[in-house]
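Here are some short exercises to work through with the model open in your viewer. Try each task yourself before you read its solution.

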Amino acid sequence: MKIPKNFEKYLDAFSRLRTDRNRNYWGEETCFGAPHKPFLLLSVMDLAAQGQITRNLIVPGQEIVETFNGYWQLVIPPGRTTSMAYPFFYLQSDGFWHLAPLEDRRVPKTASTPSMAWLRRTFAGARLDEDLFAFLLNPVYREQLRMVLVQKYFAKEVQPRVAEQGFTNFAAFVYARDLIAKAAETTTGFGKTEPPPPQVRDQGFRKAIVQLYDHRCALCGIRMLTDEGHTVVEAAHIVPWSQCHDDLPNNGLCLCRLCHWSFDEGLMSVGDDYQVLVSGRVRTDRNMPGHILTLTDRPIFKPDPEKFWPARENLAQHRREVFVR
Ligand SMILES: [Zn+2]
C-alpha cells in the first residue's frame with residue numbers, strides 16, 4: 001500500500017508525543033513516560049471505530065472518559081488516579097489537536113490543574129486536523145496509528161493487553177447494543193448462539209444496564225457520577241450468569257455497591273409488585289441498618305420502557321433461592 005505523505009506526518013507525530021518522562025514517577029510498563037495522551041488517542045480511535053464519533057469534534061462526554069479510565073485501570077497500578085482533563089487540554093501542544101472553546105470563552109493557554117468540570121465549562125470539545133480526522137475514520141489507517149501508540153509508549157509485556165483492549169471495547173459496545181435490541185424486540189433469549197468471552201460479556205452487560213438505568217441504583221435510588229466519569233453503580237444479575245447464561249436487561253439490575261452486596265447476600269430483594277424487600281437479618285442489634293430499613297416497601301427505580309424492567313420470574317427466583325426473610 002502506498003502511504004500518503006500527510007499520513008507519514010501523523011505516524012511521526014504520534015510517535016513523538018510530548019509526554020512527561022519522569023522516571024521516578026512512571027514505571028517500566030509505560031516505558032517511563034506518562035501514558036495519558038496515548039490513552040486519550042486510543043479512546044478517540046475506539047469511539048471512531050464504534051461509530052460514536054462521526055464529526056470532527058471530540059466532545060469530553062461520559063463515553064470517552066469511561067474508555068480512557070478503562071485503559072488507565074488496565075495498565076496503571078491500582079490506587080493511582082488521574083483525570084482525562086490533562087491530556088485533553090495538553091494535547092494541543094502536539095500540533096494536531098485544537099481545542100474549541102464554548103462561545104464567549106477565551107482560550108486559556110495554560111491551566112495548572114485542568115479538571116473535567118472546568119474543561120466542560122470552557123470547551124465544546126477538540127478538533128483534529130481535518131486530514132488526520134479522515135485517517136481516523138478509515139480502519140486501515142486507524143489501526144496503523146494505533147500500533148504506533150501501542151508499540152511506542154508501552155512495554156513489550158503490556159502491548160498485547162493494550163491492543164486487545166481496543167477489540168474488547170468494540171465487542172462490548174456491540175454486545176451491549178445487541179442486548180438492548182434483543183430486549184426491545186421482546187424475543188426470548190439468545191437461542192443457542194455462543195456468548196462472547198467473559199471480559200466482553202461483563203463490560204457489555206454493565207454498559208447496557210448502567211445506560212438503561214442512567215447510573216441510578218434500582219433499590220435505593222442513589223445516583224453519583226463524578227466529573228471524572230466514576231459511578232457508584234454496578235450491573236448485577238438477578239439470576240446468576242452461571243445458572244442461566246442470561247445477560248438480557250430483564251435479568252439485570254443497576255445497583256450501588258452496598259445494595260449489590262446486600263442483594264447478593266440475600267439481605268435485600270424485590271417483591272412481585274416491584275417493591276424493595278429488606279431481610280429481618282438487617283434488623284439485628286449488631287447491625288446499624290441505617291437507611292436500608294427506610295427503603296422497605298418503596299417502589300424500585302425501573303428503566304423505561306417496560307420491556308427493560310426486571311422479569312417477575314427472575315425476581316421470584318431470587319426471593320426463593322437467595323433472599324433471607
Ligand atoms: Zn443502592
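**Exercise 1. Decide how strand E4 sits in the fold, and explain why.**

Step 1. Count the buried residues: five of the five residues of E4 are buried, so the strand is largely enclosed by the rest of the structure. A residue is called buried if 20 or more other C-beta atoms lie within 10 Å of its own, exposed if 12 or fewer, and partly exposed in between, with C-beta atoms placed from the backbone. Helices (H or I, at least four residues) and strands (E, at least two) are DSSP runs, numbered from the N terminus.

Step 2. Look at the two faces. Gly252, Cys254 and Cys256 point one way from E4, while Leu253 and Leu255 point the other way, and all are buried.

A word on the model before you go on: it is predicted, so local features need pLDDT of at least 70 and side-chain atom pairs count only at pLDDT 80 or more, whereas totals for chains, interfaces and linings use all residues. Residues are numbered from 1 along each chain as its sequence is written.

**Exercise 2. Find how E3 and E4 pair, and name bridge partners in E4.**

Step 1. E3 and E4 pair in the antiparallel sense over five bridges; two strands count as paired if DSSP finds at least two bridges between them.

Step 2. Pick out partners: Glu234 is bridged to Leu255 of E4, and Ala236 stands opposite Leu253.

Step 3. Check the cover on E3 (residues 233–237): four of its five residues are buried, so this strand is mostly covered.

**Exercise 3. Which residues have the most contacts inside the largest nonpolar core?**

Step 1. A nonpolar core is a set of buried Ala, Val, Leu, Ile, Met, Phe, Trp, Tyr and Cys residues joined through C-beta atoms within 7 Å. The largest one has 41 residues, and those with the most contacts inside it are Cys217, Leu219, Cys254 and Leu255.

Step 2. Ask where the core comes from. Elements that each supply at least two of its residues include H9, E3, E4, helix H11 (257–264) and strand E5 (268–270). The largest share, seven residues, comes from H8.

Step 3. Zoom in on Leu255. Leaving out residues up to four places away in sequence, Leu255 touches Cys217, Ala218, Leu219, Val233, Glu234, Ala236, His260 and Phe263. Here two residues are in contact if their C-beta atoms, placed from the backbone, lie within 7 Å.

**Exercise 4. Compare the expected and actual span of helix H8.**

Step 1. The expected span of a helix is 1.5 Å times one less than its number of residues. For the 27 residues of H8 (residues 159–185) that gives 39 Å, and the end C-alpha atoms are 40 Å apart, which agrees.

Step 2. List buried residues of H8: among them are Val162, Gln165, Phe173, Tyr175, Leu179 and Ile180.

Step 3. See what covers them: the cover includes helix H2 (36–49), helix H3 (62–75), helix H7 (139–153) and helix H9 (198–212).

**Exercise 5. Describe the two domains and the contact between them.**

Step 1. The domain assignment gives domain 1 (5–157) and domain 2 (170–321); such bounds come from an automatic or database domain assignment. The C-alpha centres of the two domains lie 33 Å apart.

Step 2. The contact takes eleven residues from domain 1 and five residues from domain 2. On the domain 1 side, H2, H3 and helix H5 (116–122) each supply at least two residues, and H3 gives the most, with four residues.

**Exercise 6. Locate backbone features worth a second look.**

Step 1. Recall the general rule: most residues other than glycine have a negative phi, and most peptide bonds are trans.

Step 2. His215, in the loop between H9 and E3, has a positive phi of about 65° although it is not a glycine. With 16 other C-beta atoms within 10 Å, His215 is partly exposed.

Step 3. His245 also has a positive phi, about 50°. This residue is found in the loop between helix H10 (241–244) and strand E4 (252–256), and its 13 C-beta neighbours inside 10 Å make His245 partly exposed.

Step 4. The peptide bond from Asp304 to Pro305 is cis, with omega near -15°. Pro305 is found in the loop between helix H12 (291–294) and helix H13 (312–321).
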